[in-house]
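Thanks for coming. I will go through one structure today, starting with backbone details and ending with helix packing.

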Amino acid sequence: MGKSSRTNPKVAVLMGGPSAEREVSLSSGRECAAALRGEGFEVVELDAGPDLYARLLDIKPDVVFNALHGRWGEDGCVQGLLEWMRIPYTHSGVLASALAMDKQRSKEVYQAVGLPVVPSVIVPKVEVVEVHVMEPPYVAKPNNEGSSVGIYIVHEGSNGPPQLSEDMPEFVMVEKYIAGRELTVTVMGDRALTVTEIMTDGGWYDYDAKYKPGGSWHVLPAEIPQDIFDRCLDYALRAHDALGCKGVSRTDFRWDDGMGADGLFLLETNTQPGMTPTSLVPEQAEHFGMSFGQLCAWMVEDASCDR
């Protein structure tokens, strides 16, 4: 982090913004702002709108804590603005953010370093609603939104292709559906923390399961064979490094336990993982004795430009 004349750095917490994940980001931002105040930082909460550049000029923060989720905040756009303004910021830089947000391109990066991914194609939405572009079961989802926004599962024996909503993008990712267990790993700096298994009543970790109380529950550390556990840690760290991530990231997996090690696949890496009370990253940090406040403070101290 850049040196400041103040003893307590002034931190602007960016939240909200125009993405489909605005509400989650507001929740993350408020929690992080409160935690940072508790750690002695001077904090300004900033809802990121079209006047963001002017607001930052006015506030003159020493550091930006990026609590945005989804497009603009997670895809390299706001990172580029902060680089231009030379304001140190948290999480990943421009390129890693853009790569990780594009699910298909991040898969290509994973494959280049020998990490296992689920077969998928990018197809025009008009085709997806007309015919099965892949043998069911498969999943149709946006290529560049997070938080399980707009995910359609087409089961085996399904009558027809999915009826996608109007707000789905022009091109969508169609991905083979992997039955199995949902696992996730936080990487913090150069260390993979632990493995959490996400359990849901409905069998799918969707938007409600992520963010509504009781929607899902977490088994931490995951009760899985040691070799799968170690492989998850190794793969998450390799994915973080291959994409060029910085600070904190979270990589999600599916594991078909009937296939052993061959059934473990990387789904995606989140460069702006949720930071709410029910979120996975704070839980994993707490498992190692790090409070939510200490985690947020670590992220501020890790902040820089040229990420």
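Let me begin with His91, which is buried at a relative accessible area of 3%. This is a predicted model, so please hear every value as computed from it. His91 sits in the loop between H3 and helix H4 (94-101). Its backbone is worth a look, since phi of His91 is near 70 degrees, a positive value in a residue other than glycine. As background, most residues other than glycine have a negative phi, and most peptide bonds are trans.

Asp306 is another non-glycine residue with a positive phi, here about 55 degrees. Is Asp306 buried or exposed? Asp306 is exposed, and its relative accessible area is 59%. Its place is in the segment after H10.

Two further positive phi values come right after helices. Following H2 there is Lys60, with a positive phi near 50 degrees. Just after H9, Gly289 has a positive phi of about 80 degrees.

Now the peptide bonds. Pro136 and Pro137 are joined by a cis peptide bond, with omega about 5 degrees. Pro137 is in the loop between helix H6 (125-128) and strand E5 (138-142). There is also a cis bond from Leu220 to Pro221, where omega is near -5 degrees. Pro221 belongs to the loop between E10 and H8, and Leu220 is found in the loop between E10 and H8 as well.

Let me stay with Leu220 for a moment. Leu220 is partly exposed, at a relative accessible area of 26%. What does Leu220 touch, if we do not count residues up to four places away in sequence? The list is Thr194, Val195, Thr196, Glu283, Gln284 and His287. Gly293 is a long way along the chain from there: Leu220 and Gly293 are 73 residues apart in sequence, and their C-alpha atoms are 20 Å apart in space.

A second partly exposed residue is Ala98, with a relative accessible area of 33%. Ala98 is in helix H4. Leaving aside neighbours within four places in sequence, Ala98 is in contact with Asp75 and Gly76. Between Ala98 and Trp72 the separation is 26 residues in sequence and 9.7 Å in space, C-alpha to C-alpha.

On to what the helices bury. H2 covers residues 52-59, and in that helix Leu52, Leu56 and Ile59 are buried. Seen down the axis of H2, these buried residues fall within an arc of 70 degrees, so they line one face of the helix. The general point is that an α-helix has 3.6 residues a turn, so residues three or four places apart point the same way. What do the buried residues of H2 pack against? They pack against strand E1 (10-15), strand E2 (42-47), strand E3 (63-66) and helix H3 (77-85).

H9, residues 280-287, has Leu280, Val281, Pro282, Gln284 and Ala285 buried. Gln284 came up earlier as one of the contacts of Leu220. The buried residues of H9 pack against strands E8 (181-188), E9 (191-200), E10 (216-219) and E11 (248-255), and against H10.

That brings us to helix pairs. The axes of helix H1 (residues 22-38) and helix H10 (residues 292-302) come within 8 Å and cross at roughly 90 degrees. H1 and H10 are therefore roughly perpendicular to each other. Which residues make the contact? From H1 there are Glu31, Cys32, Ala35 and Leu36, and they meet Phe292, Gly293, Cys296, Ala297 and Val300 in H10. The residues of this contact of H1 with H10 divide into seven nonpolar, one polar and one charged.

The other pair is helix H5 (residues 103-112) with helix H8 (residues 226-243), whose axes come within 10 Å and cross at roughly 110 degrees. Angles of 65 to 115 degrees count as roughly perpendicular, and that makes H5 roughly perpendicular to H8. The crossing of H5 past H8 is right-handed. On the H5 side, Ser106, Val109 and Tyr110 meet Ala239, Ala242 and Leu243 in H8. The residues of the contact of H5 with H8 divide into five nonpolar, one polar and no charged.

That is the end of my list. I can take questions now.

Conventions. Residues are numbered from 1 along each chain as its sequence is written. This is a predicted model: local features need pLDDT of at least 70, side-chain atom pairs count only at pLDDT 80 or more; totals for chains, interfaces and linings use all residues. Side-chain values use heavy atoms; hydrogens and water are left out. Axes are lines fitted to C-alpha atoms, for helices over the stretch in contact, and angles run from 0 to 180 degrees between N-to-C directions. Helices (H or I, at least four residues) and strands (E, at least two) are DSSP runs, numbered from the N terminus. Angles under 35 degrees count as roughly parallel, over 145 as roughly antiparallel, 65 to 115 as roughly perpendicular and the rest as oblique. Contact means heavy atoms within 4.5 Å. Ala, Val, Leu, Ile, Met, Phe, Trp, Tyr, Cys and Pro count as nonpolar, Asp, Glu, Lys and Arg as charged, and the others, Gly among them, as polar. A crossing is left-handed if the near helix is turned anticlockwise from the far one by less than a right angle, and right-handed if clockwise. Buried means under 20% relative accessible area, exposed over 50%, partly exposed in between (1.4 Å probe, protein chains only). The arc is that of the directions from the helix axis to the C-beta atoms.
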